[in-house]
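Please walk through this structure with me, from the contact between chains to the details of the backbone. Keep the model open as you read.

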Amino acid sequence: MQRVVVIGAGVAGLVAAIRLARGGARVALLTKGTGGLQLSQGTVDILGYSPDRVERPLDALAGFAGSHPGHPYAQLDAAEVGAAADYLKELVGPGLLVGDPAVNLQLPTAVGAVRPTALASPSMTAGACVDGAKFVIVGLSRLKDFYPELVAQNLNRTELPGGGRLSARGVTIDVVAREGEVDSSGLTFARALDDSGYRRRFAQAVKAVVEPGETVGLPAVLGLDDHGAWAELAELIGAEVFEIPLPPPSVPGMRLNRTLTQLAKDAGVRYVPGSRVGGFSASGGRVDSVQLGVAGGPRDFRADAFLLATGGFESGSLHADSYHQVHEIVFDLPLRVPEGALVHGDYWGEAQPLFTVGVETDERMRVRTPRGDVVYDNVYAAGGILAGATRWQEKSGEGIALASAVKAADAILAAAESTTSQGVAS
Amino acid sequence: MKTLSADVVVVGGGSTGAGVVRDVAMRGYSAILVDRADLGQGTTGRYHGLLHSGGRYVVSDPHSATECAEENEIITRIQSHAVEKTGGYFVATHVDDPAWGDEWAKGATDTKVPFEEVSVAEVLKAEPRVNPKISRAFKVLDGSVDGWQLVWSAANSAKQYGAQILTYHRVTKIERDGDRVSQVVCTDEKTGEEVRINTNFVLNCAAAWGGQIAHMAGCPDVQVVPGAGIMIAMNHRLTNSVVNRLTYPADGDILVPVHTVCIIGTTDQKADDPDKLVIAWDEVQQMLDCGELLVPGFREARAIHAWAGARPLVKDSRVGSGDTRHMSRGMSIIDHSERDGLKGLLTIAGGKLTTYRLMAKNVVDAMCAQLDDPRPCTTADEQVPGSEDRKNYVITHRLEEREHDRTEDQILCECELMSKGMFTRALADQPKGNFDDLRRQLRLGMGPCQGGFCSMRATGVAHQSEHIDIERATGLMRLFLKNRWIGIWPILYGDQVRQTALDNWIFQGTLDVEHLPGPTHEEVV
């Protein structure tokens, strides 16, 4: 049986691990932390800006790749990206993701910007910013990461992407998430809202401020493990309801993360959290094993293939030292580093070159040097570690992660098949 | 247009100007202070936070050493809430000559700077991260001081004596009536209104910008040469005491614990324009190398912010070296009645933050002499507002406050334990202020996340106040993010890259701030 080690438990690592396990591989998923989904919106971005606002992301991909030759999308075509997004959608089901990868939704952010994304939680889609929409944005006085007037009034002064205007007003209600607390986190509210009794009280307080014909925007805290909590709230309030994602920790991101982690375990993936990969051994142009620092001493994980899905700078996978030398921390892989200064002083200006640093891959997602040579025959990469994208600006993070993860997983499975068939032949 | 009048107009809201306005007000003059920006927005806020024991100057500048030692005691007492009595050490690193310590000790004795030679083991016990290869150490009474608290409390003291403090008032002209100063003309930067202040006396405390002010009064060629120095804040205190290198004053010879961070400084580069200081990568590297000497592993520690300040060094070719304007080394007072035949204008520059009160006393004494109106200085004898309890700052004070109010108030900035109540009160006091003005008083956005989590909260809370509409609130956030970046990008390496990536995910990724509706008027001040 083919053995695969996936390193990193963000959306790329989780999806690849599931796909590999379901494809017949024996998979170990090694992860230092909880993975990047908790920092996400709980949506699937494919391409939001190019640099103008994108309405149909899959249609825009070819043109985008053409003008960004070093971008991960230059190696991932629209069909692969669309199929990968659909794959995730099917994995988690319509309770967590809906939408069409080919069409961007335009959803409000927690400061009242209108943000494009392709797939979203069904709890968010009633917030689509279309002409004539009528929102009441409801804030919680004990939750400091959401200011309903800020959201509503910025939305009010926005000319909508599809043309026209919406009308929104903000209102704050005082609901206690945990007795004695005035400073409750979104997660505390989300856990409280998993309880149906609390939901009823919460819904009553919201209902009191809603006027007929209004759609209700709430911070994205409407239940953590109970994925139907938001829908029940909508019914209790008697109005359409939508969630607006908050800064981390992101409750919608945690819902995806928990669901995917469970799916991975269910598929037989051995999930090993809590330690950083601290070394590896290689021979004959292949990596034989990676070493995990665990209690009782380092432990080797041998495998036929290794998928690096460790993310970028935000996860610590890439590290720029005080001399501005950038390192990939697991395999010390060669990186594509732009020429010239890596950082500049214009906050609102061009993307910072530093954040485009990453690894390059061949057409099978194997890591190669900037000159084009494969570094190790069996080391693949997917997601945030790939060079050339400014994901937060392009709104391209999940699209890149999913397409590269699926592609890498399929390449790994295909490599095993060809080895097996060769083995049979000899 | 608005017309005001005062006996004295003080130009410049740094430490010198704040000290001067307090001094003149306490001597019974009516006074108005004007600054083109916020108090402590220039050099005063852009330094390393050291309240000198005097030890730094015992060999190179004995007169300043004695002044520092005396003023250190006074400031620690009258502005106790702004000063932390950290104590400090002078240490000979392995590249320094320990024998120089004998010269230093003699200098300290001669200049009456209190000190005590201590064993290396004692230093390492108190400060375990200090380089164990140090060969010799002296303990001194260094402290750290919050420049903004220092300035604001002096200004608030002046207000109690009737002075007016006009921030964001840019001086555009100084009118004269024959051989006398008659009026200071300003523009209110927040409203665009012209403000004319009739006065008999102008005290030019604009420091690195002092030449420009003197020029407006028709006194050309006052050359205040900005000596630029960079400072880098690390994300926590690597030491709890000030650590100085036991050498002749040089670049990168000091590490100062201030509030939640510690600051390494500094360099000295001649600059052409105090408004265009550069934080060069090679200077950053130089500071990091110096940090390694004092604290091994310094390069692996996390730098969170850098800034450059402009020391106001006076060079005046028109005044001979025998001139008495050298009231003390390091501080210079130019009497324009002697130099340019203009009565009612004195320019003061140079000096150190530690001796700001003494500088103020000297320039106000000079004014009284010119007016032939001797009045005694009383600034050393009275606590400033906020320091009545004579308690010195301690690092844990906010933790204690939050423990008391955590069930009634929210924490907007976890890094600096800044509560919502603190923010709304400061905003009510300064309704036209921007987030940087509030930051200087509250440390908003000054911790490890550099505004990553608190900027949006501050925006939301500010927007809830009745003065700030949606466009201004959004503009304030944009301006704050842009301004924070000025001090982040020059030191962007190591774990701060990771933090910046997270912050970018929040602001661009999740909030999409780039695509908020554009302002019809971009906040610039």
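Across the interface of chain A and chain B, 27 residue pairs are in polar contact, with both residues at pLDDT 80 or more. That threshold matters here, since this is a predicted model. Which elements give two or more residues to the side of chain A that touches chain B? They are β5 (114–117), α4 (148–156), β16 (318–320) and α9 (391–394) of chain A. Of these, α4(A) gives the most, with four residues. By class, this side of chain A has 24 nonpolar, 18 polar and 14 charged residues.

Now take both sides together. Chain A brings 56 residues to the contact, and chain B brings 54 residues. Interface size is often given as the accessible area lost when the parts come together. Here chain A and chain B bury about 4,900 Å² between them. Carbon and sulfur atoms carry 61% of that area. How many salt bridges are counted between chain A and chain B? There are four. One salt bridge joins the side chains of Lys144(A) and Glu414(B), at 3.0 Å from N to O.

Next, look inside chain A. An open sheet of five strands runs in the order β11-β2-β1-β15-β20, with parallel pairing. Its edge strands are β11 (270–273) and β20 (379–381) of chain A, each of which pairs on one side only. Neighbouring strands in this sheet are turned by 20 degrees against each other on average, direction ignored. At one edge, β15 (residues 305–308) of chain A is joined to β20(A) by three bridges. Within that pairing, Leu307(A) has Tyr380(A) as its bridge partner. A helix covers part of this sheet: α1 (residues 11–22) of chain A lies across β1 (3–7), β2 (26–31) and β15 of chain A. Helix α1(A) runs at about 165 degrees to β2(A).

A second open sheet in chain A has four strands, in the order β8-β7-β9-β10. Its pairing is parallel. Which strands form the edges? They are β8 (167–173) and β10 (241–244) of chain A. The average turn between neighbouring strands of this sheet is 25 degrees, direction ignored. Strand β9 (residues 215–219) of chain A pairs with β10(A) over four bridges. There, Leu218(A) stands opposite Glu243(A). Helix α6 (residues 196–207) of chain A lies across β7 (134–140), β8 and β9 of chain A. Its angle to β9(A) is about 125 degrees.

Chain A also has an antiparallel pair. Six bridges join β12 (residues 277–283) to β13 (residues 286–294) of chain A. Phe280(A) stands opposite Val290(A). Two residues lie between the strands of this hairpin, where Gly284(A) takes a positive phi near 55 degrees.

Finally, turn to the backbone. Most residues other than glycine have a negative phi, and most peptide bonds are trans. Three places depart from that pattern. In chain A, a cis peptide bond joins Ser50(A) and Pro51(A), with omega about -10 degrees. Pro51(A) sits in the loop between β2 and α2 (57–67) of chain A. In chain B, the bond from Gly265(B) to Thr266(B) is cis, with omega near -10 degrees. Thr266(B) belongs to the loop between β16 (261–265) and β17 (269–270) of chain B. Lys112(B) is not a glycine, yet its phi is positive, about 60 degrees. Lys112(B) is in the loop between α3 (100–110) and β6 (115–118) of chain B.

Terms used: Residues are numbered from 1 along each chain as its sequence is written. Chains are lettered from A and ligands numbered from 1 in the order in which they are written. This is a predicted model: local features need pLDDT of at least 70, side-chain atom pairs count only at pLDDT 80 or more; totals for chains, interfaces and linings use all residues. Side-chain values use heavy atoms; hydrogens and water are left out. Contact means heavy atoms within 4.5 Å. Buried area is the accessible area (1.4 Å probe) that two parts lose on being put together, summed over both. A polar contact is a pair of N or O atoms within 3.5 Å; within protein, one must be able to donate a hydrogen and the other to accept it, and residues adjacent in sequence count only if both atoms are side-chain atoms. Ala, Val, Leu, Ile, Met, Phe, Trp, Tyr, Cys and Pro count as nonpolar, Asp, Glu, Lys and Arg as charged, and the others, Gly among them, as polar. Two strands pair if DSSP finds at least two bridges between them. Axes are lines fitted to C-alpha atoms, for helices over the stretch in contact, and angles run from 0 to 180 degrees between N-to-C directions.
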